[in-house]
Amino acid sequence: MQHQQRSQGRLSPSSDTEDIVALLAPRLVHFAGVARTEHVTRAAQELQVPQSTLSRSVVRLEQDLGVDLFARHGRTLSLTPAGRAFLVSVERALAEIGRAADEVRADADPATGKVAFGFLHTMGAETVPGLLHTFRADHPRIRFSLVQNHGDAMLEGLRTGELDLCLTSPVPDAPDLVARRLDEQKLRLVVPADHRLAGRRRIRLAEAADETFVTLEPGYGLRRITDALCDRAGFRPRVAFEGEEAETLRGLVAAGLGVALLPPPAVPRPEVVELTVTSPRAAREIGVAWLAGQPDTPPVTAFKQFLLSRRGRLLPD
């Protein structure tokens with residue numbers, strides 16, 4: 001029966017890599033310890049495991065590989081050529097695992113850990129820097145990995161684990177995500193300074209039905225909001241240019257290439273005029289989202305609670 005159990009554990013040349021790793025991984029530390037000392041008793045003392053356990057682990061490793069890693073000389077051992085070659089890779093692998101463990105522990109540290117945080121391009125100039133400045137007053141050593149992108153890409157980042165949290169618009173409604181509305185941002189119709197509407201302060205969006213629009217590309221939340229507002233105003237916008245960043249669109253408007261529905265700029269541009277839209281109500285909700293059921297590290301918990309505490313005052317005045 002004992003022989004049968006050993007033969008079942010032995011790897012065949014056609015074994016899958018995942019099978020090999022699953023079978024060998026628990027024994028690699030034992031192998032490396034014996035290889036360093038070339039003595040089972042001393043290795044057992046260093047590793048703080050029973051000598052019998054260590055001996056069996058090394059023998060099983062050799063059986064699984066089908067290769068002699070050690071030459072036995074009484075109570076001492078010496079590495080065979082195959083054992084020396086194997087040790088180089090094992091030590092490299094164990095060092096990499098150690099570095100990975102140190103990294104994840106560091107990222108989860110309550111005082112110095114890391115938050116992977118995504119946000120819209122339009123929030124990068126003023127809103128997010130202000131939020132981080134305020135948060136770090138109480139958490140000065142927490143680190144951030146910052147990702148600017150459009151809403152759909154950030155939601156995918158949550159699902160793949162690239163992001164812990166994101167600020168996005170519209171606020172998503174998906175069963176695998178948790179989202180909380182934090183604030184609302186008014187949108188304005190931006191026109192060139194020499195435009196026929198530039199002397200106005202307010203406008204009904206329907207009055208811009210014949211204008212050429214510049215917008216973000218399909219898939220961006222602000223593009224969906226623009227299309228929806230124009231639809232409510234009774235027209236479909238005639239789009240001449242599509243971009244990936246709101247300030248680029250504002251530059252296109254300044255160059256006389258169209259008009260755009262945009263949030264307020266971080267810094268006003270004299271080449272454009274920003275009109276309040278009275279009808280339909282032009283605004284976008286800003287919310288924070290995260291993956292449902294995902295356990296948070298202490299730094300992520302702290303920053304999530306901070307963002308939720310900013311409800312109604314997320315955006316700069």
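Biologist: What volume does the second largest cavity have?

Modeller: In this predicted model, the second largest cavity has a volume of about 40 Å³.

Biologist: What makes a space like that a cavity?

Modeller: A 1.4 Å probe fits there but cannot get out, so the space is called a cavity. The structure holds two cavities of 30 Å³ or more, and the largest has a volume of about 120 Å³.

Biologist: Which residues are closest to the centre of the largest cavity?

Modeller: They are Leu-120, His-121, Thr-122, Leu-216 and Tyr-220, out of 15 lining residues. By class, that lining divides into five nonpolar, seven polar and three charged residues.

Biologist: And which residues line the second largest cavity?

Modeller: Among them are Val-214, Leu-216, Arg-223 and Leu-261. Strand S9, helix H8 and strand S11 each supply at least two residues of this lining.

Biologist: How many residues of the second lining are nonpolar, and what makes Leu-222 one of that class?

Modeller: Six are nonpolar, alongside two polar and one charged. Leu is on the list of nonpolar residue types, so Leu-222, a lining residue, belongs to that class.

Biologist: Let's turn to Ser-57. Why does Ser-57 count as buried?

Modeller: Its relative accessibility is 9%. Buried means under 20%, so Ser-57 counts as buried.

Biologist: Where does Ser-57 lie, and which residues does Ser-57 touch, not counting residues up to four places away in sequence?

Modeller: Ser-57 is part of helix H4, residues 51-65. Leaving out residues up to four places away in sequence, Ser-57 touches Arg-27 and His-30.

Note on methods:
Residues are numbered from 1 along each chain as its sequence is written. This is a predicted model: local features need pLDDT of at least 70, side-chain atom pairs count only at pLDDT 80 or more; totals for chains, interfaces and linings use all residues. Side-chain values use heavy atoms; hydrogens and water are left out. Buried means under 20% relative accessible area, exposed over 50%, partly exposed in between (1.4 Å probe, protein chains only). Contact means heavy atoms within 4.5 Å. On a 1 Å grid over the protein atoms alone, a cavity is a set of points where a 1.4 Å probe fits but cannot get out, and a pocket is an open set with protein on both sides within 12 Å along at least five of seven lines; lining residues have an atom within 4 Å of a point. Grid points are joined across faces, edges and corners, and a volume is the space filled by probe spheres set on the points.
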